[in-house]
Amino acid sequence: MTPDHVGQYKNAGYTIVPGFFAPREAAALKREVDRWVTAGLPRDVSIPDKKRNLQLIPLWPHSRLFRAVPFHPKVVQAVSALLGDPVVKILDQMFYKPPGDGMGTNWHTDNAYFRIADPLRGCAMWIAIDDATRENGTLKVVPGAYEREFLHDRDPDSDHHIRTYLDEAAAVHCELEAGGVVFFCFGTPHATGPNPSSRGRAGVGIHFVNRDHASQAMRAGDRWQHVHLTGECATGGQAGVRRVNLLRDGDGVRLIGIASRIHGMTFRP
Ligand SMILES: O=C(O)CCC(=O)C(=O)O
């Protein structure tokens, strides 16, 4: 993450970082995703008779590796530079588009879900798990639109998503080899295309927010994680730390425990 990347993020609401993860790291991430797909963990969230759009959310209960990813020094440096400290990770998810009938995810902004006042103070890190091209429906973003208010409706193609409608003439197709990353802020409209190709394509989205700009719902901690990456509550993800993070599972009820036990590892693929 260079100053140019940070400048582009602040001006355009997104930035693309090819090769963010080293090939060895990218291969480890893909192994995890392949394991979930083979085990049938992701759920098809398209409505019946549509093409398939498989989603797994959240990821952290399923993978020590993905619990560790936010603590990767490169990730901490990047989100700290983009959002300012203290940074908290709140969510992770994976979308898998099967070959042939893989369906895109329609246009939306993450702020339609998260609702923070300054859309630049929260971002997604979208990781290309497979090479992501225009042909297999890579991530698209609309530059410079993050301050606009986009109305969202129920997404007729999905059983729980919402969507907006926009003129996508200005959209940028973020083509990336596996391991490349797009950072985009909560206000940036984004979508993915269908995957008519002969190979599956997966992307992982991890969401971060500057804690001081979090919404009331985020502070309440019922729906999203509070994994402190920087600031006085940061654990570093290492064993032996004393701070307790109250992390809750998908039902929003179970106290998961001490952050060091949850995140007690460094990023070692
Ligand atoms: O990868 C996808 O299909 C959708 C990604 C996305 O919309 C998100 O991470 O918010």
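A residue is buried if 20 or more other C-beta atoms lie within 10 Å of its own, exposed if 12 or fewer, and partly exposed in between, with C-beta atoms placed from the backbone. This is a predicted model, where local features need pLDDT of at least 70 and side-chain atom pairs pLDDT 80 or more, while totals for chains, interfaces and linings use all residues. Residues are numbered from 1 along each chain as its sequence is written.

Q: How many helices and strands are there in the protein?
A: Elements here are DSSP runs numbered from the N terminus: helices are H or I with at least four residues, strands E with at least two. By that count, the protein has seven helices and 13 strands.

Q: Which residues of α2 are exposed on the face turned away from its buried side?
A: On α2 (residues 23-39), the buried residues are A26, L29, E32 and V33. Looking down the axis, these fall within an arc of 125 degrees (taken over the directions from the helix axis to the C-beta atoms), so they line one face of the helix. The face turned away carries P23, R24, R31, T38 and A39.

Q: What covers the buried residues of α2?
A: Contact here means C-beta atoms, placed from the backbone, within 7 Å. On that basis, the cover includes α3 (64-68), β4, β5 and β12.

Q: Which strand gives the largest share of the largest nonpolar core?
A: A nonpolar core is a set of buried Ala, Val, Leu, Ile, Met, Phe, Trp, Tyr and Cys residues joined through C-beta atoms within 7 Å. The largest one has 63 residues, and V79, C123, M125, V182, F183, F184 and F208 touch the most other members. Its largest share is seven residues, from strand β4 (residues 87-97).

Q: Is D110 buried or exposed?
A: D110 is in the loop between β4 and α5 (111-114). Leaving aside neighbours within four places in sequence, D110 is in contact with A124, F186 and H207. Because D110 has 22 C-beta neighbours inside 10 Å, it counts as buried.

Q: How many residues of the shell around the ligand are charged?
A: The shell takes residues whose C-beta atom, placed from the backbone, lies within 6 Å of the ligand, and it holds F95, T105, D110, A124, W126, H190, T192, G203 and G205. Ala, Val, Leu, Ile, Met, Phe, Trp, Tyr, Cys and Pro count as nonpolar, Asp, Glu, Lys and Arg as charged, and the others, Gly among them, as polar. That splits the shell into three nonpolar, five polar and, for charged, one.

Conventions
Two residues are in contact if their C-beta atoms, placed from the backbone, lie within 7 Å. The expected span of a helix is 1.5 Å times one less than its number of residues.
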